[in-house]
Structures are given as structure tokens and as C-alpha cells.
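This report concerns the structure shown below. Selected strand pairings, a surface patch and several charged contacts are discussed in turn.

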Amino acid sequence: MSQLLGTDRLATPELLRSVFRQHAAGVAVITAAGERPVGFTATSLNSVAAEPPLISFGVGTGSSSWPVIAEAEHVGVHILGEHQQELAATFARSGADRFAAPTGWRSGPEGVPLLDGVLAWLVCRVSARIPAGDHRIVIAQAVTGDPTGSGRPLLYHQGRFNTLRD
């Protein structure tokens, strides 16, 4: 069938990025406590299992956050609201002081940095770090959290942050 369409392309990093620009994803920020707190914006967050409550996310091994995530026993997972586009951009920006003002945060359970004003958050115990190309897939078990933030979720689509439309 694909020969009839004449649109086959070899799988390259560019092809993968182009295909996934068509996939709308929720926006999360992952945090961890180290000598200094670290965090990064993630669109790879997934629910893995309900029993036990497991999540997964990908992190690049070249990321400034990776050395802390590689050793962290616990991570924070924050679901961002549509009002948090600038926060998402800050945590996605290389070299940014992500925890400086105006970022509001506090030290939460297990010392994990918790961001203010998010739709929901979890603190998770890291179970595994699985090599996957230039990334690691982190599997973690939720130990506590709060789903009671208000608002609508922030999305990432076509290379930019977006909001839901009715």
C-alpha cells in the first residue's frame, strides 16, 4: 500500500520529530532534589499500571537534569495547566535557572521540589531506568500526590504549547 502512496521515508530523527508533531501531548514537569533542585519539561509522561501505581517518562542523557535523575530515589511529576505556558518554557529552556523567581515551589515529601499552581502532582519512587537510545525511560511508583488543582491542561502540539478548545 505504501508503494502506491509514494510517501515512504527512511526513519530518521527528523521523520520521528515530524510524525510526533502531529501527536498532541499533555505537558508535565519532572523534578528531583540534588545538590540543587533539577527539573525539565516532559511530554513523554505515561501511566503504566494502576496496581501498583506506576508511571514512566523519558529523559535525555545529555540533559542537565540527567545526573540528578540518574541517582534520585524520588521524583516529582507535575501536570501543568493552560495558564503555565511560561513555566513549561522555563523548564524546557537549556541553561535557565528553573527554580528562580518567578517559579513558585517548595520542598515536598521525600525532599522533592513541588511546583505551585499545577493541576496535579505526584511524588514517585524510582523503580527502574531503562536505556533507550540517547534517553532513559524512568519507571516510578507513585507514593503520594494531589489531583485537586483547578483549570484545564496545557498541551504540546506542532512544536508549541496549546490549550484545549471546546
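Which residue stands opposite Leu155 in E11? The residue facing Leu155 is Gly26. The model under discussion is a predicted one.

## Sheet and overlying helix

The pair Gly26 and Leu155 belongs to a wider arrangement. Strands E1, E11 and E12 form an open sheet of 3 strands, in the order E1-E11-E12, with antiparallel pairing. Its edges are strand E1 (25-26) and strand E12 (160-163), each of which pairs on one side only. Strand E11 comprises residues 154-157 and is joined to E1 by 2 bridges, the two strands running antiparallel.

Helix H4, spanning residues 85-92, lies across E11 and E12. The direction of H4 makes an angle of about 155° with that of E12.

## Helix H2: a nonpolar patch and a charged pair

Helix H2 covers residues 13-20 and includes Val19. Together with Leu16 and Phe20, Val19 forms a nonpolar patch on the surface, and the accessible area of the three residues together is about 300 Å². Val19 has a relative accessibility of 46% and therefore counts as partly exposed.

Helix H2 also holds a charged pair, Glu14 and Arg17. These two residues form a salt bridge in which the closest N and O atoms are 3.9 Å apart, a separation that falls within the 4 Å cut-off for such contacts. Because Glu14 and Arg17 are 3 residues apart in H2, about one helical turn separates them. Arg17 is classed as partly exposed, since its relative accessible area is 48%.

## Further salt bridges

The count of salt bridges in the model comes to 5. Besides the pair in H2, one of them connects the side chains of Glu86 and Arg93, with an N to O distance of 3.3 Å. Where do the two partners fall in terms of accessibility, given the 50% limit above which a residue is exposed? Glu86 has a relative accessible area of 52%, so this residue is exposed. Arg93, at 40% relative accessibility, counts as partly exposed.

Another salt bridge is formed by Arg106 and Asp116, whose closest N and O atoms lie 3.4 Å apart. This pair links distant parts of the chain, with the two positions 10 residues apart: Arg106 is in strand E7 (residues 105-107), whereas Asp116 is in the loop between strand E8 (113-115) and strand E9 (120-132). Arg106 is partly exposed because its relative accessible area is 39%. Asp116 also counts as partly exposed, at 38% relative accessibility.

Note on methods:
Residues are numbered from 1 along each chain as its sequence is written. This is a predicted model: local features need pLDDT of at least 70, side-chain atom pairs count only at pLDDT 80 or more; totals for chains, interfaces and linings use all residues. Side-chain values use heavy atoms; hydrogens and water are left out. Two strands pair if DSSP finds at least two bridges between them. Helices (H or I, at least four residues) and strands (E, at least two) are DSSP runs, numbered from the N terminus. Contact means heavy atoms within 4.5 Å. Axes are lines fitted to C-alpha atoms, for helices over the stretch in contact, and angles run from 0 to 180 degrees between N-to-C directions. Patches are made of residues with over 30% relative accessible area and no salt bridge: like charges are joined within 9 Å, nonpolar side chains (Val, Leu, Ile, Met, Phe, Trp, Tyr) within 5 Å. Accessible areas come from the Shrake-Rupley method with a 1.4 Å probe; for residues, only the protein chains shown count as cover. Buried means under 20% relative accessible area, exposed over 50%, partly exposed in between (1.4 Å probe, protein chains only).
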